[in-house]
Amino acid sequence: MHGIVYTDSGGHAVSPLYTWQDGRGALPEFNGRSICRSLSEDAGIKVAPGYGLVTHLYNVKKGIVPADASSFCTIGDYLGMVLTGRRTPRVHISQAAGMGLFDLKKLEFMYEKIADAGADPAFLPEVTKNFSALGSYKGIPVCVSIGDNQASFLGSVTDGTDTVLVNVGTGSQVSVMSRQYIEIPGIETRPLTDSTYLLVGAAVCGGAAFASLEKFFRTYAVAAGAPDISQYDIMKKLLELQAEKDDAWQIRTTFSGTRSNPEDSGIITGIRTDNFHPAAMIRGVLNGMAEELYELYELIETGTGRHMAKLTASGNAVRQNRAFQQILEERFHMPLTIVQNEEEAAYGASLCALSALGHLSKRQLPV
């Protein structure tokens, strides 16, 4: 997601892949301002470094766009070009929006503002609102690529109208479908189909908070002479031995900051002599992870005026942790369903392909 690769008129890559980790858009190299700052101050557009259009604008201003480049697209879209022999890229709205400078109401790039920022709109790839076929590879149909969050949602929920999806991996996010465009402070609005959106709240640390805790225990264990092995099973046993829920530490798991404040940090309170044990710390981290997600869901609930009835969760951080499942159920006050498909995004992408080829009607999609 977000990254781009340049292509020539023959449909061949003429650059490396510039990923979402490309931070040059934040460098103050243009009269003391960065690309991101210029877009914010001059056009009122907030976009993060690493988004494809930010990377492209940086390259344009630096004069380092490959001379033989005629367009650009995501790496997923480029794979589709290679497989089908297409000379020009076609990208789904879910991928196009991830490049930035995308009008979410019109579902098209902000052509005028992109031109005002100094880039030729003719460089932009073709955008499609539909799940559509690109061509074929050895007789096998190949369809447009789909944004990872969108594909995961379609591959996880059975009814998007009343379900909140929680995904916990390295990061974590909560997603709710909307049939209309809406702006909610602190929440991202992302295109899903030509008539639906995803409202997404993302926690920066997410599952990495629990991984950091495991690393903490492992570091101590190794220093004490134990082998350098995973501590997750031991952490699970500690929770089972200390089943008391009320003695957990109060932990805010913003260990990597937040989207709105990257400099934010975690907080631990509620430690007493009678709960100074590992299980209270472990449960406190799990509670904190759930609380971050619930706070984001509350923003969506308040902004839309809608209350979801079902909670669905995906990601190994939830699937493999029964205690975390119980905590999510209790915090969201909803019964929890674990997604059976362990590769949710791949499954969702396959549903989009079936729809594009007419083997699955739009009514059969969970939107």
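**Close-up views of a predicted model**

**View 1. Asp103 and the residues it touches.** Once its neighbours within four places in sequence are left aside, Asp103 is in contact with Glu108, Phe109 and Met110. The model shown here and in the other views is a predicted one. Asp103 belongs to strand E4, which covers residues 102-103. A second residue, Leu296, is separated from Asp103 by 193 residues in sequence, and the C-alpha atoms of Asp103 and Leu296 are 24 Å apart in space.

**View 2. Helix H7 and its buried face.** Helix H7 (207-223) has 17 residues, and the distance from its first C-alpha to its last is 25 Å, which is close to the 24 Å expected at 1.5 Å a residue. Which residues of H7 are buried? They are Gly207, Ala209, Phe210, Leu213, Glu214, Phe217 and Ala221. When the helix is seen down its axis, these buried residues of H7 fall within an arc of 165°, so they line one face of the helix. An α-helix has 3.6 residues a turn, so residues three or four places apart point the same way. The face of H7 that is turned away from the buried side carries Lys215 and Ala223, which are exposed. On the buried side, the residues of H7 pack against strand E9 (163-168), H8 and H9. After H7 comes Gly225, whose phi is positive, near 100°.

**View 3. Helix H12 and its packing partners.** Helix H12 is made of 13 residues, 344-356, which at 1.5 Å a residue should span 18 Å, and the end C-alpha atoms are indeed 18 Å apart, so the two values agree. Within H12, the buried residues are Glu344, Gly348, Leu351, Cys352 and Ser355. These residues cover an arc of only 100° around the axis, which means that they sit on the same side of H12. What do the buried residues of H12 pack against? Their partners are helix H6 (148-154), strand E15 (310-314) and helix H10 (316-319). H12 is followed by Gly358, and the phi of Gly358 is positive, near 80°.

**View 4. The second largest pocket.** This pocket has a volume of about 590 Å³. It is lined by 25 residues, and the closest of them to its centre are Phe210, Lys236, Gln320, Asn321 and Arg322. Phe210 has already appeared in View 2 as one of the buried residues of H7. Several helices contribute to the lining, with H7, helix H8 (232-241), H9, H10 and helix H11 (322-332) each supplying at least two residues. The largest share, six residues, comes from H8. Sorted by type, the residues that line the second largest pocket divide into twelve nonpolar, seven polar and six charged.

**View 5. The largest cavity and its lining.** How many cavities of 30 Å³ or more are counted in this model? The count comes to one, and the largest cavity holds about 40 Å³ of space. Its lining is formed by Val168, Ser172, Ala203, Gly206, Thr253, Met289, Glu292, Leu293 and Phe324. Helix H9, which runs over residues 278-304, gives the largest share of this lining, with three residues. Five of the residues that line the largest cavity are nonpolar, three are polar and one is charged.

Technical notes
Residues numbered from 1 in each chain as written. Predicted model: local features only at pLDDT ≥ 70, side-chain atom pairs only at ≥ 80, totals over all residues. Heavy atoms only, no water. Helix = DSSP H or I, 4+ residues; strand = E, 2+ residues; numbered from the N terminus. Expected span 1.5 Å × (residues − 1). Buried < 20%, exposed > 50% of the residue type's maximum accessible area, 1.4 Å probe, protein only. Arc of directions from axis to C-beta. Contact = heavy atoms within 4.5 Å. 1 Å grid on protein atoms, 1.4 Å probe; cavity = no way out; pocket = protein on both sides within 12 Å on 5 of 7 lines; lining within 4 Å. Points joined across faces, edges and corners; volume = space filled by probe spheres on them. Nonpolar A, V, L, I, M, F, W, Y, C, P; charged D, E, K, R; others polar.
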